[in-house]
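Trainee: I would like to go through this structure with you, one topic at a time. May I start with the backbone?

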Amino acid sequence: MKVLVSVDAEGLQGVTFGRQVIPGEMEYSVGRDAMNQSTNAVVDGLMKSGAREVTVVDAHDGNRNIDAALLDKRARVILGWPKPLSMAQGVEEADALVLLGYHSMAGTLNGVLSHTYSIDIHRVFINGVEAGEAYLTSAVAGEFDVPVKMFAGDDKAVEEAQGFLKDCEFVTLKKGLSRYSADSLSMDAACGLLKTASGNALQRKGTILKVKGPVEVRVEFNNPAMADNCMVVNGARRTDGYTVAAVAENMVQAYNTFRVFASLSDFDHGRY
């Protein structure tokens, strides 16, 4: 079995503040260390439980966080940005998907560092279903008939994922107390749990999240100017001051349209 491990950072143990997961910030080593150690724990568990091949995709800010020099030598790693499938890159060649270090969608009560792909985004809807990064990545995997077999993150992210992933191994790495506070497992305890869970995950059927086309993606931004800037996209339509929508043939196309909207929203707003 070929397994893809998509690794984010905000949902990992010990991470509670933005500076811990933003490259170049003073506390960045906290998040990067958590990514490296957690990834190796999952790789070890998967390989010891029969995985034939494990590929890791760095799915966090800039996608250059996992240190290849520290990665378990049995795994391969996909680094850098941009990538055709972003957080799901490599899933088209995988038999199973593991989501590691994922966080809850924007606006989640007590969701640690909750957001949806960009801090400019308030809400995202896929065919009317509110979606966070876990849903988006799982739905892209579903386009290739790849099941999600394991999900690990903070408790609010786990609760969110349990709404659409049914036969899946879930791991709660911390309990959110507020956006910037959590009751977290230690590094050793978390990695031990991840190693065991990733082994168990291969015994599960997993969930293939299928989104039937055509797929409407609707993005609500925090600032109307962000939506203004997205109207240069062919097929985009404005639904209100904050919101832009478009229709795509399938989930992969919808995901890429969403990524274009997210990129266009990121410009100098003059703090207004």
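Trainee: What phi does Asp145 take, just after α2?
Mentor: Asp145 takes a positive phi of about 60° just after α2. Helices (H or I, at least four residues) and strands (E, at least two) are DSSP runs, numbered from the N terminus. This is a predicted model: local features need pLDDT of at least 70, side-chain atom pairs count only at pLDDT 80 or more, and totals for chains, interfaces and linings use all residues. Residues are numbered from 1 along each chain as its sequence is written, and side-chain values use heavy atoms, with hydrogens and water left out.

Trainee: And α2 itself, how many of its residues are buried?
Mentor: Ten of the eleven residues of α2 (residues 133–143) are buried. Buried means under 20% relative accessible area, exposed over 50%, and partly exposed in between (1.4 Å probe, protein chains only). The buried residues include Glu133, Tyr135, Thr137 and Ser138.

Trainee: What covers them?
Mentor: The cover includes strands β1 (2–7), β4 (96–102), β5 (121–126), β6 (129–130) and β7 (148–154), as well as helix α6. Contact here means heavy atoms within 4.5 Å.

Trainee: Where else does phi turn positive in a residue other than glycine?
Mentor: Ser86 is one of these, with phi near 50°. Ser86 sits in the loop between β3 and β4 and is buried, with a relative accessible area of 4%. Asn110 has phi near 60°, also a positive value in a residue other than glycine. Asn110 belongs to the loop between β4 and β5 and is partly exposed at 28% relative accessible area.

Trainee: Which residues does a cis peptide bond join?
Mentor: Trp81 and Pro82 are joined by one, with omega about 5°, and Pro82 lies in the loop between β3 (75–78) and β4. Gly213 and Pro214 are joined by a cis peptide bond with omega about 0°; Pro214 is placed in the loop between α4 and β10.

Trainee: Changing topic: which residues touch the most other members in the largest nonpolar core?
Mentor: Ile126, Phe151, Phe221 and Phe261 do, in a core of 51 residues. The largest share of this core, seven residues, comes from helix α6 (residues 251–265). A nonpolar core is a set of buried Ala, Val, Leu, Ile, Met, Phe, Trp, Tyr and Cys residues joined through side-chain atoms within 4.5 Å.

Trainee: What is Phe151 in contact with, leaving aside its neighbours within four places in sequence?
Mentor: Its contacts include Leu99, Tyr102, Ala134, Val158, Leu165 and Phe170. A second, separate core has 35 residues, among them Ala9, Met35, Ala41 and Val98.

Trainee: And Val3, is that buried or exposed?
Mentor: Val3, in strand β1, is buried at 2% relative accessible area. Val3 and Leu202 are 199 residues apart in sequence and 9.2 Å apart in space, C-alpha to C-alpha. Leaving aside neighbours within four places in sequence, Val3 has contacts including Leu46, Val54, Val98 and Leu202.

Trainee: On to charges: how many salt bridges does the structure hold?
Mentor: It holds 13, where a salt bridge is a side-chain nitrogen of Lys or Arg within 4 Å of a carboxyl oxygen of Asp or Glu. One of them joins the side chains of Asp44 and Lys195 (3.3 Å, N to O). Asp44 lies in helix α1 (residues 28–48) and Lys195 in helix α4 (residues 187–201), so this pair ties together parts that are 151 residues apart in sequence.

Trainee: How accessible is Asp44?
Mentor: Asp44 counts as buried at 10% relative accessibility, whereas Lys195 is partly exposed at 38%.

Trainee: Which partners does Glu216 have?
Mentor: Glu216 meets Arg218 (4.0 Å, N to O) and Arg237 (2.3 Å, N to O). Glu216 in strand β10 (residues 215–221) and Arg237 in strand β11 (residues 237–238) are 21 residues apart. Arg237 is partly exposed, with a relative accessible area of 36%. Elsewhere, shared partners join Asp44, Lys48, Asp72, Arg74 and Lys195 into one salt-bridge network.
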